[in-house]
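This report describes one protein model. The sequence and the structure come first, and the text follows.

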Amino acid sequence: MITDRRGFTLIEVISVLVLMGIVFSVAGMGIVTGVQGYLLARENAVVAQKAQLALSRLTRELQDAYSYDGQNLHDGYLGVDSPTPLNYGNIRKGNAKIEYFPADGIIKIDDFALVDQVGDFTMFNEIPDLTKPGRLITVRLTMVQQSVNASVVFETSVQPRNIF
């Protein structure tokens, strides 16, 4: 009679393999969720940086403006719908224009792309006559996050300094 039994039975080996499979699948799902969270956070940061850069540049452009094309001022809105751009005079560079191309989701300043992934873009003021005191232009920019098909709205207010 053999009394020295060494090794594992087939049932013990199979049960260990099943438990290891469960542990590894849970760990794998955790890793995938973590990577997806990282990628979403990275895209959020990119969209926020693009919007911040665009709003900063638009703020500077509007602050340095000394005149606006009268055709584009109507009902308190500054027209930026393509193909009619917002034409304005700028103290640093003379005549300039801001254009929004909704089909492409691009805002351009002087024919140079400022930002893409734009879902909507409006500029408006409460006082249609920008030569009156208290004029304040509100710039609203809606950016599209393509991976989750969501929109994020960014907004700032600008007080033009050079319009008389």
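The sections below go from the whole chain to single residues.

## Basis of the model

This is a predicted model, in which local features need pLDDT of at least 70 and side-chain atom pairs count only at pLDDT 80 or more, while totals for chains, interfaces and linings use all residues. Residues are numbered from 1 along each chain as its sequence is written, and side-chain values use heavy atoms, with hydrogens and water left out.

## Overall make-up

The protein chain has 1 helix and 10 strands. Helices (H or I, at least four residues) and strands (E, at least two) are DSSP runs, numbered from the N terminus. Along the sequence the order is α-β-β-β-β-β-β-β-β-β-β.

Of the 164 residues in the protein chain, 31% are buried. Here buried means under 20% relative accessible area, exposed means over 50%, and partly exposed lies in between (1.4 Å probe, protein chains only). About 10,500 Å² of the protein chain is exposed, and carbon and sulfur atoms supply 60% of that area. Accessible areas come from the Shrake-Rupley method with a 1.4 Å probe; for residues, only the protein chains shown count as cover. Taking contacts between residues at least 6 apart in sequence, 45% join residues at least 24 apart; a contact means heavy atoms within 4.5 Å.

## Helix α1

Helix α1 covers residues 10-63. Its 54 residues should span 80 Å at 1.5 Å a residue, and the end C-alpha atoms are 79 Å apart, which agrees. The expected span is 1.5 Å times one less than the number of residues. The buried residues of α1 are Glu43, Val47, Ala51, Ala54, Leu55, Leu58, Thr59, Glu61 and Leu62.

Leu10, Ile14, Val18, Leu19, Ile22, Val26 and Met29 make a nonpolar surface patch of about 700 Å². Patches are made of residues with over 30% relative accessible area and no salt bridge; like charges are joined within 9 Å, and nonpolar side chains (Val, Leu, Ile, Met, Phe, Trp, Tyr) within 5 Å. One patch member, isoleucine 22, has a relative accessible area of 47% and is therefore partly exposed.

## Salt bridges

There are 6 salt bridges, each defined as a side-chain nitrogen of Lys or Arg within 4 Å of a carboxyl oxygen of Asp or Glu. One of them joins arginine 57 to glutamate 61, with the closest N and O atoms 3.1 Å apart. Both residues lie in helix α1, 4 residues apart, about one turn of the helix. An α-helix has 3.6 residues a turn, so residues three or four places apart point the same way. Arginine 57 is partly exposed at 34% relative accessibility, whereas glutamate 61 is buried at 0%.

Arginine 140 and glutamate 155 form another salt bridge, and their closest N and O atoms are 2.6 Å apart. This pair links distant parts of the chain, since arginine 140 is in strand β9 and glutamate 155 in strand β10 (residues 150-158), 15 residues apart. Arginine 140 is partly exposed, with a relative accessible area of 30%; glutamate 155 is also partly exposed, at 45%. Elsewhere, Lys97, Glu99 and Asp111 are linked in a network of salt bridges. Within that network, the closest N and O atoms of glutamate 99 and lysine 97 are 3.8 Å apart. Glutamate 99 is buried at 10% relative accessible area, and lysine 97 is partly exposed at 23%.

## Lysine 50, glutamine 117 and threonine 142

Lysine 50 belongs to helix α1 and is partly exposed at 25% relative accessibility. Beyond its neighbours within four places in sequence, lysine 50 contacts Val115, Asp116, Gln117 and Met143. The C-alpha atoms of lysine 50 and valine 115 are separated by 6.5 Å, although the two are 65 residues apart along the chain. The side chains of lysine 50 and glutamine 117 are joined by a polar contact of 2.8 Å. A polar contact is a pair of N or O atoms within 3.5 Å; within protein, one must be able to donate a hydrogen and the other to accept it, and residues adjacent in sequence count only if both atoms are side-chain atoms.

Glutamine 117 sits in the loop between β7 (112-115) and β8 (118-125) and is buried at 13% relative accessibility. Outside four places in sequence, its contacts include Glu43, Val47 and Thr142. Threonine 142, in strand β9 (residues 137-145), is buried at 12% relative accessibility. Among the contacts of threonine 142 beyond four places in sequence are Asp120, Ser151 and Val153.
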